[in-house]
Amino acid sequence: MMAFIDALVNADRPVIMELKRRDPNGVDLFGDRTIPQIVAEYEASGAPCISVVTGKWFGGTDSMLHEVAQLTNRPILQKDFITRKDQLAKAKQLGASAVLLTAGLLPKSSIHNLVEASLAIGLTPFVEVTEEAEIDALPRAADCVVAVNNKDIKNKERDPGDLDRSIRLLPALQRSGTRCPVSASGIAQPGDAAKLLAEGYRGLLIGTGLLRTGSLAEWLAGLDELRGPRVS
Ligand SMILES: O=C(O)c1ccccc1NCC(=O)[C@H](O)[C@H](O)COP(=O)(O)O
């Protein structure tokens, strides 16, 4: 299996496609689709990586991660509230390649310890930030995905998201040394996605926008058209 960062930076369309059972208001996002159907659709659409929200706020469970890992060889990000090292071993055992570490919810010393502990067992830290100070304080950024969360997790992500935050923080991400600056959450339309990639993002994490669209193929074709032909 290709490592998470390599899969993303080498992808022609670097969209991490997410399985999230419910939105923050408890509204179902899967409809009548099963997990195998969504994974098959994401794979057929060329997802380089897949994200699975196991956090209970969003209707997730660890068994969802295990199920997805049985269905795909794509590198998987586990999105949950990770605060302890034993959760990292569990993530790996369930089939994750990368784990979410939310800078705004963790003391600085915990971020350091969890980044080191993740790397030590072969998991890619996917560190989510919302402020420049969090980026500047990051250890081992070159080995991490560093993602700007456009929404506010402290408010259960009930806000629509502020994509300008991604634009504002991109220079700090680029300075940090990460190979893989990612913009996450609130990317609803192909035009939003195209703009963020044109600005210099090397990856996008999209859940609700892809799960709510009537046609994933059309959504992605719209993005491809806006980006124009790719030079390899
Ligand atoms: O961000 C967190 O700290 C978090 C913790 C635990 C579970 C989920 C968490 N975040 C979820 C997300 O960030 C979004 O599902 C993801 O970025 C996609 O967002 P959207 O495209 O707006 O559905």
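Helices here are DSSP runs of H or I with at least four residues, strands are E runs of at least two, and both are numbered from the N terminus. By that count, the chain has 10 helices and eight strands, and G191 sits in one of those helices, α8. What you're looking at is a predicted model, where local features need pLDDT of at least 70, side-chain atom pairs count only at pLDDT 80 or more, and totals for chains, interfaces and linings use all residues. Residue numbers start from 1 along each chain as its sequence is written.

**Overall picture**

- Eight strands close into a barrel, running β1-β2-β3-β4-β5-β6-β7-β8 with parallel pairing.
- Neighbouring strands of this sheet are turned by 25° against each other on average, direction ignored; the axes behind that are lines fitted to C-alpha atoms (for helices over the stretch in contact), with angles from 0 to 180 degrees between N-to-C directions.
- The chain's radius of gyration, taken over C-alpha atoms, is 16 Å, which agrees with the value near 17 Å for a compact globule of 232 residues; the globule rule is 2.2 Å times the number of residues to the power 0.38.
- Along its principal axes, the C-alpha trace spans about 45 × 35 × 35 Å.
- Buried residues account for 45% of the 232 in the chain. A residue is buried if 20 or more other C-beta atoms lie within 10 Å of its own, exposed if 12 or fewer, and partly exposed in between, with C-beta atoms placed from the backbone.

**What the record says**

- UniProt, in an unreviewed entry, puts the feature "domain: Indole-3-glycerol phosphate synthase" at residues 4-216. Its positions follow the numbering used here, feature names are shortened, and annotations may be inferred rather than shown by experiment.
- Residues 4-216 are 39% helix and 18% strand, and the end C-alpha atoms of that span lie 22 Å apart.

**Strand pairs and what covers them**

- A pair of strands needs at least two DSSP bridges between them to count.
- β2 (residues 49-53) and β3 pair in the parallel sense over four bridges, and V53 has K79 in β3 as its bridge partner.
- In β3 (residues 76-79), I76 and Q78 point one way while L77 and K79 point the other, and all are buried. In a regular strand, side chains alternate between the two faces of the sheet.
- β4 and β5 are parallel partners joined over five bridges, with A98 bridging to T124 in β5.
- Six of the six residues of β5 (residues 124-129) are buried, so the strand is largely enclosed by the rest of the structure. On one side that covers T124, F126 and E128, and on the other P125, V127 and V129.
- β7 (residues 180-184) runs parallel to β8 (residues 203-206), with three bridges between them; V182 stands opposite G203 in β8.
- L204 belongs to β8 and counts as buried because it has 25 C-beta neighbours inside 10 Å. Its C-alpha atom is 4.9 Å from that of S183, although the two are 21 residues apart along the chain.

**Around the ligand**

- The ligand has 23 residues around it, and G55, T102, S185, G207 and T208 come nearest. A residue is near a molecule or strand if its C-beta atom, placed from the backbone, lies within 6 Å of it.
- β4 (98-102), β8 and α9 (208-212) are the elements giving two or more residues to this shell.
- By class, the shell has nine nonpolar, eight polar and six charged residues. Here Ala, Val, Leu, Ile, Met, Phe, Trp, Tyr, Cys and Pro count as nonpolar, Asp, Glu, Lys and Arg as charged, and the others, Gly among them, as polar.

**Backbone oddities and a loose end**

- S185 isn't a glycine, yet it has a positive phi of about 80°. You'll find S185 in the loop between β7 and α8 (190-199), and it is buried, with 28 other C-beta atoms within 10 Å.
- K156 isn't a glycine either, and its phi is positive at about 55°. K156 is placed in the loop between β6 (145-149) and α7 (163-176), and it counts as partly exposed because it has 14 C-beta neighbours inside 10 Å.
- Back in α8, G191 counts as exposed, with 12 C-beta neighbours inside 10 Å. G191 and G222 are 31 residues apart in sequence but 7.9 Å apart in space, C-alpha to C-alpha.
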